[in-house]
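Please take the structure shown here as the subject of a guided reading, which moves from a single sheet outwards to the domains, the cores and the contacts between chains.

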Amino acid sequence: MSTRLATGGRRLDRGRAQEFTFNGKRMQGHPGDTLASALLANGQMLMGRSFKYHRPRGVVASGAEEPNALVGLGEGTRFEPNQRATTTELFDGLVAVSQNHWPSLETDIGAVNTHFARFLPAGFYYKMFIHPRPFWKHVYEPFIRQSAGLGKAPNPGDPDRYEHFYYFCDVLVVGGGVAGLQSALAAAEAGAKVMLIEQTAHWGGRAPVDGGEVDGHPVEDWIDATIAKLQDMPNVTLRTRCMGAGVYDHGYALGYERVADHTPGSDAPRHRLWRIRAGQIVTATGAIERPLSFAGNDIPGVMLASAVRDYAVDYGVSIGDRTVVVTNNDDAYRTAITLKKLGLEIPAILDARQQGGGALAEEARALGIRIENGKGIAKVKGGKHVTGVAICAQAGEGAALEEIACEAVAMSGGWSPVVHLWSHCGGKLIWDEAQAHFRPDPENPPRGAQGEGFVLPAGSANGAGDLAGVLNDAHAAGQAAAKATGAKPKGKAPQGSASPEAPMQPVWLMPQGAGYKLRLKAWLDYQNDVKVSDVQLAAREGYESVEHAKRYTTLGMATDQGKLSNINGLAILSDALGQPIPQTGTTTFRPPYTPISLSSIAGEATKANFQPIRKTPMQGWHEANGADFEPVGQWRRPYCFPKGEEGRHEAVNREITQTRDSLGVLDASTLGKIIVKGPDAGRFMDMLYTNMMSTLKPGRCRYGLMCNENGFLMDDGVVARLDEDTFLCHTTTGGAESIHGHMEEWLQTEWWDWKVYTANVTEQYAQVGVAGPNSRKVIEKLTDDDISADALAFMGWTGITVAGIPARVFRISFAGELSFELSVPASHGRALWDALMEAGSEYGVMPYGTEAMHVMRAEKGFIMIGDETDGTVIPQDLNMQWAISKKKEDYLGKRAQERSHMADPNRWKLVGLETLDGSALPDGAYATAEGHNANGQRNVQGRVTSTYHSPTLGRGIAMGLVLHGPNRMGEVLEFPTVDGGIIKAKIVDQVFYDKDGEKQNG
Amino acid sequence: MLILTCPCCGVTAEETEFHQGGEAHLTRHGPGASEEEFHTYLFAKENPKGVHFERWRHNNGCGKWFHAARDTVTLEVYGTYSAQTLEPPQVIRDAITAKRPGWRWREFA
Amino acid sequence: MAEPVTALNGARFEGIATIEDAGPTGMITLRGDLASKEVKAAVKKAVGLDIPGQRAALGGKETAALWMSPDELLLMCPYDKVAETIATLDAALEGQHFLAVNVSDARSFLRISGGGAREVLAKLCPVDLSPDAFAPGMFRRTRMAQVPAAFWLDEGGTFHLVCFRSVGEYAFNLLKTAALSGGEVGVYG
């Protein structure tokens, strides 16, 4: 059983205790512990269950690569699943639960899967659940969904705050081990602006555990001194708990800073996502030790040799009294030596290499440790924890030579550089035969905006070996990065101690001739339960591409993304395919390096800041008066203003009736307003609109249509000519920005010699539509200016003072009543609104919303962009030839409207539709025609574009596009409804109300 | 995420300040154009693997349109220049041929 | 006429920086040939300032001239002086091709001051806000979270930020969230 040693633990503050719980059990650790080290210190080896077979699993690693020790952290709204115990800093009150088991971690029903393992090989799901077809939906899928998923999703509401931070530097160094420190120092001393980020809470990486000297001092002292030096440099930014999550185009990188994970409830943001733009990026991301593939290599107590060493040195934790070390390289000897010096037993070092190790082996032998060269593990004994190993000849098939009792196995299959960040943006890899690993290909780095390489690997991430090699490599990388950003490197690398090692020997399967039964228990991917036998099966079944084999077996697809398993897996695949490893290649490395919180990606964009909500100057009144809002673009416009118990429908009807009978007001501030000015403004307006706008007289308004070059309607609105040189274009609410952009695009990219300036003044004005028979009267109460029919005719505008506010008044009508639009500076919008409400009270003034506006315009047969148009409709479809100037040689969309398809007489045309039973047609309903099309669907001859209940007419009214519609007045069409019924509607004129316009002209 | 330099205001900024606006150097065809000319203008856009010319707008910035010569494979930016021109200026063409010997304007790969 | 009401109506928040509504301010969009002597003279006459250089802000007594684009300035003056200032521009530029239009009500105008001001903006805008990169007198139009915004820095270390009026509340909330205590980043010394 694992336990805390009496002494040691360089990261611990042994003087203080921290309380935490695991599955409800109270435990104690120290500041400096990770959750994993604290659990081990409490004898808790079993930390979770695997995904597929629910195998009991303990921690394997000591860092970000951990596949097994995933836990649910926190409670309530702060609960978070799948957190790695190895990267979770312990804090007082931490609450953790294990996952993927029922009813408990110790006794799990799902573990029965492991006995069927030979029936659940790679591709099992694909093969099993395909027949019979109907079973998928009703039997298989519900079952799989029930058993799938790792961890539980947290419940709603995240109480924490997250943020982004944009940062710019010359050189970003990722990784705060000795390589990162030296690279940062070299770059900073050259004068570059440097940012150095480290994913853990500690600087120095694993060098202090491995030991060695720099310039004659212990490496630990050198780390402290270097950090102190960097901290004093004004051009250096240091950040711990900040992981380099991804590298992207043109020097962009994401840093994921866990600001307050270890201090929950503090007022700091929990995570900060650094959006870094760097000139050069140095990836000093270190290396990850590989497991060895032998039977039973997933039993709790089998761990990476480096992790066993880390727990002993950093946290004063022993995994067991007796640790068998099994290795194919010299580095694992350090673990044996470390443990032995701590007074723990090393029953044997099993070195798979026939020729054995070098100097470190000598040192171990001198300590009296038994070393067996050419030997390996046939199988590990034990269930929920290791009880012993059977040893065998690596060259053989696994015949047990001897059984050795032990509680822990420290394994090492060699080291793989962490090349993820190098690879994210296209950096290529080369296979290093001697180290049996992929490392960055210096000839093929990721390339930036100028085609320059912008990532430099450093230290063991570049395949460098001992401290001397790492420091030299890192120094060179730091200087090169600084130089590439224009700085002037100087100085030499510090001298690290050399520790020559005997060559490692690739071992992809232990023993090399392991039979099927052993391979069936030799795990590659712990989290997803992928074994050597699965990858071999995939190869036999034809999955030759590593990307295919990955998806077929799920190798490397777990939350750890195969940090431990990928190289071993593709070596097995290569062997099965009989090809060298580089030919098989790797799967694609994609960001983030380890999972990052979705909230950090959202940053500030949650709750009130989720998206911009645009508000008019009168929004406060609407909110205070019970408006029922609807989104229109980013605006929220009142749909209607229900009173008391009133529903939407009643409110809309009331608003319409009162407007038509007396007086209604509409907040029309959201309408787009664009100024177009210049000597060529008329010419430009004639190109923008289908109408002739250049002939419009100052003081007059004209309704206009805008089409794109495809000929399709894109916007409409009233244009007012302010003076000889100046037009004011009203656009739809949603069109303001895009139409302004459209104008500028043509002016800047096509007609740049035209003298025209535009300005988007949409938000300068609050605009109020005042409609109804009493509209003139109410405005007259508020102004001394003359707005009589003679002074201000229909489609005219003038400047007046209303309620003491300078205003433009436009005599235009969308409701079909006598109506005015008042436009005042936005800062006075609310004052105007209040004045109108007060002055209008004697007429029973009623604010109306967008729905009343829609119904009233439909009663008048006016089109609405987005209802009658959908991006495929031309003005001619809407019988709006009257708005298309025939005198103009050109306008945007003119040529397109001459294309044969546009001029086709069979295009559907706009008509009014009147249901025979008075009901309202369903929105978007199709009119059926005789026969069926090639797909066996009913033929259609038209569709509804707008449909409402008209309180004015007391019946349903609609508009629609119908084949030869205008020539078929009086014909009855059939519209099937969703529930299988049919509604009949007669083709009628689209103007339902006040056909002669007597009201609006009044 | 790309970085581009707006030639109108001189800012070098990330892609989120900009809006891509399709192929640059199109010739507008209006009334009187043949079906073929008009079709080509509206629909037949270049889609090269390699050097490409695009229109961009600095919409979260100075609001101006400009042109960019860019590589669609390597994402290298050869240069940005005024939108008020019918063809890429010589300095841009030279910058491209320096990196892609043999490349010629209007010979899309 | 009643007092003008800004979208933020005097809102203020103090955290690692102070965010406040700058109140009603006269703003004029001036488009024209910024290199011409006529425009130069007109701006001088209207707000007493020179034409600012590319992406620069010039501040005067109650006035400012901000470089928006190669053919556009944003001129600032007291809110009640706008009509007068536009009349001055109109008169001075008579016969020229130009556009001078009142946008005072179309914008929200905020001040961000205090020790955390740079960091607060750097949480929201993809701009290098370190002191060596962004100095007083610089003017930058950019993106603030999901909306366009523009700001400049004065000699006293205060940022002045302009965005559209309709998103004034959104902008204020963003800045406020970024300025909540505990949010110090600590990178600008």
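In this predicted model, five strands of chain C form an open sheet in the order β4-β5-β6-β3-β7, and their pairing is antiparallel. The edge strands are β4 (57-59) and β7 of chain C, each of which pairs on one side only. On average, and with direction ignored, neighbouring strands of the sheet are turned by 20° against each other. Strands of a sheet pair through backbone hydrogen bonds, either parallel or antiparallel. Within this sheet, β3(C) and strand β6 (residues 72-77) of chain C run antiparallel and are joined by six bridges, and the bridge partner of C:R31 in β6(C) is C:E72.

Two helices of chain C pack on the sheet. Helix α1 (residues 37-47) of chain C touches β5 (64-69) and β6 of chain C, and the direction of this helix makes about 15° with that of β6(C). Helix α2 (residues 82-92) of chain C touches β3, β6 and β7 of chain C, and its direction makes about 20° with that of β3(C).

One residue to follow from here is C:L75, which, when residues up to four places away in sequence are not counted, touches C:I28, C:L30, C:V43, C:A46, C:V47, C:A65 and C:T85. C:L75 also belongs to the largest nonpolar core, which has 276 residues, and together with A:V171, A:V194, A:L832 and C:A171 it is listed as touching the most other members. This core draws at least three residues from each of domain 1 (12-22 + 106-178) and domain 2 (25-105) of chain C. Apart from it lies another core, of 99 residues, among them A:L40, A:F294, A:A352 and A:C392.

How, then, are the two domains of chain C placed, and how many residues does each give to their contact? The C-alpha centres of domain 1 and domain 2 of chain C lie 22 Å apart, and the contact takes 12 residues from domain 1 and 11 residues from domain 2 of chain C. On the side of domain 1 that touches domain 2, the elements of chain C that give two or more residues are β8 (107-113) and β9 (139-144), and the largest share, three residues, comes from β9(C). The residues of that side of domain 1 divide into six nonpolar, one polar and five charged.

The reading now turns to the contacts between chains. The contact of chain C with chain A takes 44 residues from chain C and 42 residues from chain A. The side of chain C that touches chain A receives two or more residues from each of β3 (26-31), β7 (99-102) and α4 (168-178) of chain C, and α4(C) gives the most, with six residues. The residues of this side of chain C divide into 25 nonpolar, 13 polar and six charged.

The contact between chain A and chain B takes 21 residues from chain A and 23 residues from chain B. On the side of chain A that touches chain B, α21 (736-749) and α25 (894-897) of chain A each supply at least two residues, and α21(A) gives the most, with four residues. Here the residues of the side of chain A divide into four nonpolar, six polar and 11 charged.

Helix α21 of chain A also appears in the surroundings of another helix of the chain, for it is included in what covers the buried residues of α20(A), along with β36 (672-677), β37 (701-707) and β39 (726-731) of chain A. Six of the eight residues of helix α20 (residues 681-688) of chain A are buried, so this helix is largely enclosed by the rest of the structure. The buried residues of α20(A) are A:A681, A:F684, A:M685, A:D686, A:M687 and A:L688.

Elsewhere in chain A, A:T240 lies in the loop between β13 (236-239) and β14 (242-248). Is A:T240 buried or partly exposed? A:T240 counts as partly exposed because it has 15 C-beta neighbours inside 10 Å, whereas a buried residue would need 20 or more. Leaving aside neighbours within four places in sequence, A:T240 is in contact with A:G176, A:E198, A:T200, A:A201, A:H202 and A:W203. A:T240 and A:G175 are 65 residues apart in sequence, and from C-alpha to C-alpha they are 9.3 Å apart in space.

Terms used
Residues numbered from 1 in each chain as written. Chains lettered and ligands numbered in written order. Predicted model: local features only at pLDDT ≥ 70, side-chain atom pairs only at ≥ 80, totals over all residues. Contact = placed C-beta atoms within 7 Å. Nonpolar A, V, L, I, M, F, W, Y, C, P; charged D, E, K, R; others polar. Buried ≥ 20, exposed ≤ 12 C-beta atoms within 10 Å, placed from the backbone. Core = buried A, V, L, I, M, F, W, Y, C linked by C-beta atoms within 7 Å. Domains from an automatic or database assignment. Pairing = 2+ DSSP bridges. Axes fitted to C-alpha atoms, helices over the stretch in contact; angles between N-to-C directions.
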